[in-house]
Every structure is written in structure tokens, then in C-alpha cells.
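Visitor: Before we accept any label for this model, I would like to hear the reasoning behind it. Could you take me through the helix packing and then the metal site?

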Amino acid sequence: MPKCQNCGTTWTWVQCVCRLVTLGDSLTCPSCMQDQFLTVKARKKTSLFVFIAPLLMFISVAFGIEPFASLALFLATFLVVLGIFPFLIELTDERGPMW
Ligand SMILES: [Zn+2]
């Protein structure tokens, strides 16, 4: 789980998910209210999730999966990604380069 680089507080899973659904590139620490940013390494790891949606579409079309089953597959995958996402992120208190 990510740890605030300003106050050292380890964020809970719920705090991570709540912070991740906000817009913008900064995540506000729930303890000290300072902006935190994803490290370059964490951004690279989590950017791989972008390829999941096209992959699922390809699998649905290639194997002729029914629309409702495809939707269920998307939802299940979304929940799994949401579940593991907080374990993959690392925080820094400095806004770094995009890559
Ligand atoms: Zn903090």
C-alpha cells in the first residue's frame, strides 16, 4: 500500500480508491492534506491496464462471447483491477516527468 512521503501515513485500500477516482495528476493525502504524485515506476506499471479493455474486446469478438457475458467480463476485470491497483502504486511528493 502507498505511503505518504510527507507524513509517512500508509493509505488504506479505501483511501487509495477514493483518491484514484478524482481528476488531476495529484492525490491528496487524507492525513496531512499535501499533494502526492505517482512515481514514474508506478505510472509505468499502472499504464499497462490501459491495454486490458482492447484485449477484452478482442477476446469477446474472437471467441464470439455473448454481449451480456462480455459486459460481465468487463465488470469483473474492472473490479479486479480496482482491487489490485492500490497495491501497485507508490507515491512521491514531487511532480516528476511523465515518463
Ligand atoms: Zn500525508
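Visitor: What makes the packing of H1 and H4 roughly perpendicular?

Guide: In this predicted model, H1 and H4 pack with their axes 9 Å apart and at an angle of about 100 degrees. Angles of 65 to 115 degrees count as roughly perpendicular, and H1 and H4 are therefore given that description.

Visitor: Which residues make that contact, and how do they divide by class?

Guide: On the H1 side the contact is made by Trp13, Cys16, Val17 and Leu20, and on the H4 side by Leu82, Gly83, Phe85, Pro86 and Phe87. These residues divide into eight nonpolar, one polar and no charged, and Gly is counted among the polar ones by definition.

Visitor: Why are H3 and H4 called roughly antiparallel?

Guide: The axes of helix H3 (residues 52-62) and helix H4 (residues 67-88) cross at roughly 155 degrees and come within 11 Å. Since angles over 145 degrees count as roughly antiparallel, H3 and H4 are therefore placed in that class. The crossing in which H3 passes H4 is right-handed. H3 contributes Ile52, Ala53, Leu56, Met57 and Ser60 to the contact, while H4 contributes Ser70, Leu73, Phe74, Thr77 and Val81. By class, that contact of H3 with H4 has seven nonpolar, three polar and no charged residues.

Visitor: Turning to the metal, what makes the arrangement around the zinc ion tetrahedral?

Guide: The zinc ion is coordinated at 2.3 Å by the SG atoms of Cys4, Cys7, Cys29 and Cys32. Four donors count as tetrahedral if all angles lie between 85 and 135 degrees, and the four donor atoms here subtend angles of 107 to 114 degrees, which makes the arrangement tetrahedral. For comparison, the ideal angle for four tetrahedral donors is 109.5 degrees.

Visitor: What spacing do the donors of the zinc ion follow along the chain?

Guide: The donors follow the spacing C-x2-C-x21-C-x2-C. Within it, Cys4 and Cys29 link distant parts of the chain, 25 residues apart: Cys4 lies in the segment before helix H1 (13-20), and Cys29 in the loop between strand E1 (26-28) and strand E2 (35-38).

Conventions. Residues numbered from 1 in each chain as written. Predicted model: local features only at pLDDT ≥ 70, side-chain atom pairs only at ≥ 80, totals over all residues. Heavy atoms only, no water. Axes fitted to C-alpha atoms, helices over the stretch in contact; angles between N-to-C directions. Helix = DSSP H or I, 4+ residues; strand = E, 2+ residues; numbered from the N terminus. Parallel < 35°, antiparallel > 145°, perpendicular 65-115°, else oblique. Left-handed = near helix turned anticlockwise from the far one by under 90°. Contact = heavy atoms within 4.5 Å. Donors = N, O, S within 2.8 Å, 3.2 Å for Na, K, Ca; no water. Tetrahedral: all angles 85-135°; square planar, octahedral: opposite > 155°, others 65-115°.
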